[in-house]
Amino acid sequence: MKRALSGFLAIALGSTALAACGVTPPRSTTNPPLVRVSGTFTLVAGVDIVPRPIDGTVTFSQRNETGTVHVVVGNTGKFTALLYAGEWFATGRSPKFIINNHEAECGPSKSFKIDANTHTTTSVQVQCIGK
């Protein structure tokens, strides 16, 4: 009886484990896909009219939303972020762009849109323009 019970238990547990392996959880519809956004953070100032890469922070904010995404940018000026589809603004701050003894905000004044169905990287340029 003891052997029969342990054999039955082993078969029951094995069947449950196999059934659990075959179950696929439902896909979540609450998390939209992320889209890769990349670009360059640059400075144009003084007599140098050619944009040069700078380090700092690029911040992405969405219209009518409360969250932001911050990306630290190294001295190559290149950055990459993963963002949800929608309308976004990108701004930057750098210790190399100072106005009135403070890091000034710079970047495009217009928004850019990310399409959820795109399979390519969206490109964004953030530029500080000084005297």
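**Exercise 1. Are C106 and C128 buried or exposed?**

Solution. The model is predicted: local features require pLDDT of at least 70, side-chain atom pairs count only at pLDDT 80 or more, and totals for chains, interfaces and linings use all residues. Residues are numbered from 1 along each chain as its sequence is written, and side-chain values use heavy atoms, with hydrogens and water left out.

Step 1. The relevant classes are buried (under 20% relative accessible area), exposed (over 50%) and partly exposed (in between), with a 1.4 Å probe and protein chains only.
Step 2. C106 is buried, and C128 is buried as well.
Step 3. A disulfide joins C106 to C128, with an S to S distance of 1.8 Å; the criterion is a pair of cysteine sulfur atoms within 2.5 Å.
Step 4. C106 lies in the loop between β8 (102-103) and β9 (112-114), and C128 in strand β10 (residues 122-129), so the disulfide ties together parts that are 22 residues apart in sequence.
Step 5. The count comes to one disulfide.

**Exercise 2. Describe the order of the secondary structure elements and the contacts in the protein chain.**

Solution. Step 1. Helices (H or I, at least four residues) and strands (E, at least two) are DSSP runs, numbered from the N terminus.
Step 2. The protein chain has one helix and 10 strands, and from the N terminus on the order is α-β-β-β-β-β-β-β-β-β-β.
Step 3. A contact means heavy atoms within 4.5 Å. Of the contacts in the protein chain with a separation of 6 or more, 59% are between residues 24 or more positions apart.
Step 4. Buried residues make up 26% of the 131 residues in the protein chain.

**Exercise 3. Locate the aromatic pair of F60 and describe the surroundings of A81.**

Solution. Step 1. Rings of Phe, Tyr and Trp (its six-membered ring) pair if their centres lie within 6.5 Å; planes under 30 degrees apart count as stacked, over 60 as edge-to-face and the rest as tilted.
Step 2. The whole structure contains two aromatic pairs. One of them, F60 with F112, is edge-to-face, at 6.3 Å centre to centre and 80° between the planes.
Step 3. F60 lies in strand β3 (residues 56-62) and F112 in strand β9, so this pair ties together parts that are 52 residues apart in sequence.
Step 4. F60 is buried at a relative accessible area of 0%, and F112 is buried at 14%. F60, F79 and F112 form one aromatic cluster.
Step 5. A81, in strand β5, is buried with a relative accessible area of 5%. Leaving aside residues up to four places away in sequence, A81 touches V35, R36, V37, F60 and V71. The C-alpha atoms of A81 and F60 are separated by 9.0 Å.

**Exercise 4. Identify the salt bridges and state which parts of the chain they link.**

Solution. Step 1. A salt bridge is a side-chain nitrogen of Lys or Arg within 4 Å of a carboxyl oxygen of Asp or Glu. The structure holds two salt bridges.
Step 2. D55 forms a salt bridge with K96, the closest N and O atoms being 3.0 Å apart. D55 lies in the loop between β2 (48-53) and β3, and K96 in the loop between β6 (86-93) and β7 (98-99), so the pair ties together parts that are 41 residues apart in sequence.
Step 3. D55 is partly exposed at 22% relative accessible area, and K96 is partly exposed at 43%.
Step 4. R93 and E105 meet in a salt bridge of 3.8 Å, N to O. R93 is in strand β6 and E105 in the loop between β8 and β9, 12 residues apart.
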